[in-house]
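Biologist: Could you take one part of this model and walk me through it slowly, as you would for someone in a first year of study? I would like to know what surrounds that part and what it pairs with.

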Amino acid sequence: MADKFEILSDDFDPTGVVTEPLPSPLTNGGGGEREMVLGRNMQTTSLAVTEPESNDEFTGDKEVYMASVLARYRKTLVERTKYHLGYPYNLDFDYGALGQLQHFSINNLGDYQYREDPFIESNYGVHSRPFEVGVLDWFARLWEIKRDDYWGYITNCGTEGNLHGILVGREMLPDGILYASTESHYSVFKAARMYRMECEKVDTLISGEIDCDDLRRKLLANKDKPAILNVNIGTTVKGAVDDLDLVIKTLEVSGFSHDRFYIHCDGALFGRMMPFVKRAPKVTFNKPIGSVSVSGNKFVGCPMPCGVQITRMKHIKALFSNVEYLASRDATIMGSRNGHAPLFLWYTLNRKGYKGFQKEVQKCLRNAHYLKDRLREAGISVMLNELSSTVVFERPKDEEFVRRWQLACQGDIAHVVVMPSVTIEKLDHFLKDLVEHRSVWCNDGSQTPCLAKDVGTNNCICPAHK
């Protein structure tokens with residue numbers, strides 16, 4: 001018989017449970033050094049969770065301590081926001097009006113299925129589904145699909161949108177092969193592993209967009225199987241936009257009829273920006289695409305990770321399953337979904353509208369060109385794709401500098417993503433800091449590195465291409 005469990009004694013000391021120090025997170029299970037990945041590994045500090053003192057409800061010491069910790073943390077956030085350039089998050093927002101709703105546990109359980117039956121709804125009543133539907137309708141208009149023809153939901157992040165879009169494609173074409181460019185977001189290849197899908201990585205052009213010649217070769221080598229494609233509306237590193245029309249044409253000339261391919265458009269960042277760029281090709285459900293996903297916490301500026309996923313109603317039926325526990329239907333990746341995210345998205349969409357977002361897109365593109373020109377004037381190799389606000393340039397030699405400005409790096413290149421919260425003043429501060437540090441780095445007599453393989457000969461200003 002199992003040992004009898006006893007109630008904790010009055011003198012139980014929770015801090016005495018672990019008698020030996022915890023192993024360092026920088027060592028592996030065998031005690032050796034962990035392999036260094038993507039720069040220098042850093043150990044995250046720990047803010048300990050401690051038990052309240054027995055008399056704390058009278059002294060209030062614990063409340064004072066926690067308040068001081070949070071105040072210091074806020075100060076850190078304010079400071080780090082000043083030097084935020086490498087990741088695609090719009091930090092310029094004010095949601096003070098929504099503070100009154102933060103006291104509620106708002107959860108959009110499952111899937112509302114309001115189009116098939118407006119009365120099918122979860123038994124859980126503390127939700128924000130009317131706001132969610134309003135946001136989805138806004139995006140449906142943006143991507144030109146009728147209300148009765150689409151299905152969607154607000155996801156917990158952009159990755160979930162990709163996982164869902166590719167899952168729908170897999171359910172539509174169970175023996176299909178997933179095709180994605182080598183510059184696709186890592187979540188696309190995560191989906192291939194999770195769903196045990198055969199995956200073909202397609203080469204890219206210098207710009208970062210998919211190479212449709214290589215795509216055609218790979219399609220023709222697998223003509224006996226349907227094709228599930230991930231099309232990037234802005235790649236992670238270079239902000240490249242795949243030519244959707246050319247991808248569709250490549251599929252058609254390779255002998256794939258519309259019922260033998262499924263296209264998911266990963267528009268994490270630029271899927272929200274491109275509709276407001278006059279010369280940009282349109283992402284629309286009037287073309288033979290299956291789904292589109294975008295992030296809500298990037299260009300829109302939501303304080304928590306979230307996203308929007310929209311697909312065709314006729315496709316989603318393959319995922320429907322009734323859940324008696326919820327008194328609803330479920331076709332989403334997650335069960336519980338953040339009910340606050342739709343409120344933030346609904347609020348900012350209403351405040352800014354199409355014209356407001358158009359102004360912000362124009363500002364981002366204008367400031368991105370400003371940064372590109374200034375970097376080139378400083379003798380730094382730099383590339384900016386036509387439809388992008390992601391400025392790619394020579395990777396700084398000092399990792400401390402990289403961390404200070406929170407730059408995203410890959411190999412010999414780094415990038416700045418110019419968002420609505422990135423001002424000319426902030427870019428000037430960065431440029432001044434970069435030029436000053438670079439003069440020190442170059443004092444050792446080293447030459448400007450060649451970045452032709454990353455940004456092309458036209459954008460590389462090393463001695464061989466200057």
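**A close look at strand 5**

Modeller: Three bridges join strand 5 to strand 6 (residues 291–295), and the two strands run parallel. Please keep in mind, as we go on, that this is a predicted model. Within this pairing, H264 stands opposite S291 in strand 6, which gives you one place to find when you turn the structure on your screen.

Strand 5 also pairs with strand 4 (residues 227–232), again in the parallel sense, and here the pairing extends over six bridges. A227 is the residue that stands opposite F261 of strand 5. If you follow the chain through this region, you will find that strand 4, helix 7 (residues 244–253) and strand 5 together make a right-handed β-α-β unit.

How many of the six residues of strand 5 (residues 261–266) are buried? Six of the six are buried, so strand 5 is largely enclosed by the rest of the structure. A residue is called buried here when its relative accessible area is under 20%. In a regular strand the side chains alternate between the two faces of the sheet, so it is worth looking at each face in turn. On one side of strand 5 lie F261, I263 and C265, on the other lie Y262, H264 and D266, and all of these are buried, so that both faces are covered.

For a second case, consider strand 13 (residues 413–417), where five of the five residues are buried. Its two faces are covered as well, with I413, H415 and V417 buried on one side and A414 and V416 buried on the other. Strand 13 runs antiparallel to strand 11 (residues 390–394), to which five bridges join it, and it also runs antiparallel to strand 12 (residues 408–410), with three bridges between them. A414 is a useful residue to locate, since F393 stands opposite it and C409 has it as bridge partner. Strand 12 and strand 13 form a hairpin with two residues between the strands, and in this hairpin G411 takes a positive phi near 65 degrees.

For contrast with these buried strands, look at E63, which is found in helix 2 (residues 61–81) and is exposed, with a relative accessible area of 53%. Y87, in the loop between helix 2 and helix 3 (129–142), counts as partly exposed at 38% relative accessibility. Together with Y89 and L91, Y87 forms a nonpolar patch on the surface, with about 250 Å² of accessible area in total.

How values were computed. Residues numbered from 1 in each chain as written. Predicted model: local features only at pLDDT ≥ 70, side-chain atom pairs only at ≥ 80, totals over all residues. Heavy atoms only, no water. Helix = DSSP H or I, 4+ residues; strand = E, 2+ residues; numbered from the N terminus. Buried < 20%, exposed > 50% of the residue type's maximum accessible area, 1.4 Å probe, protein only. Patch = residues over 30% accessible without salt bridge, like charges linked within 9 Å, V, L, I, M, F, W, Y side chains within 5 Å. Areas by Shrake-Rupley, 256 points an atom, 1.4 Å probe, with all protein chains shown as cover. Salt bridge = Lys/Arg side-chain N within 4 Å of Asp/Glu carboxyl O. Pairing = 2+ DSSP bridges. Right-handed = clockwise from strand over helix to strand, strands pointing away.
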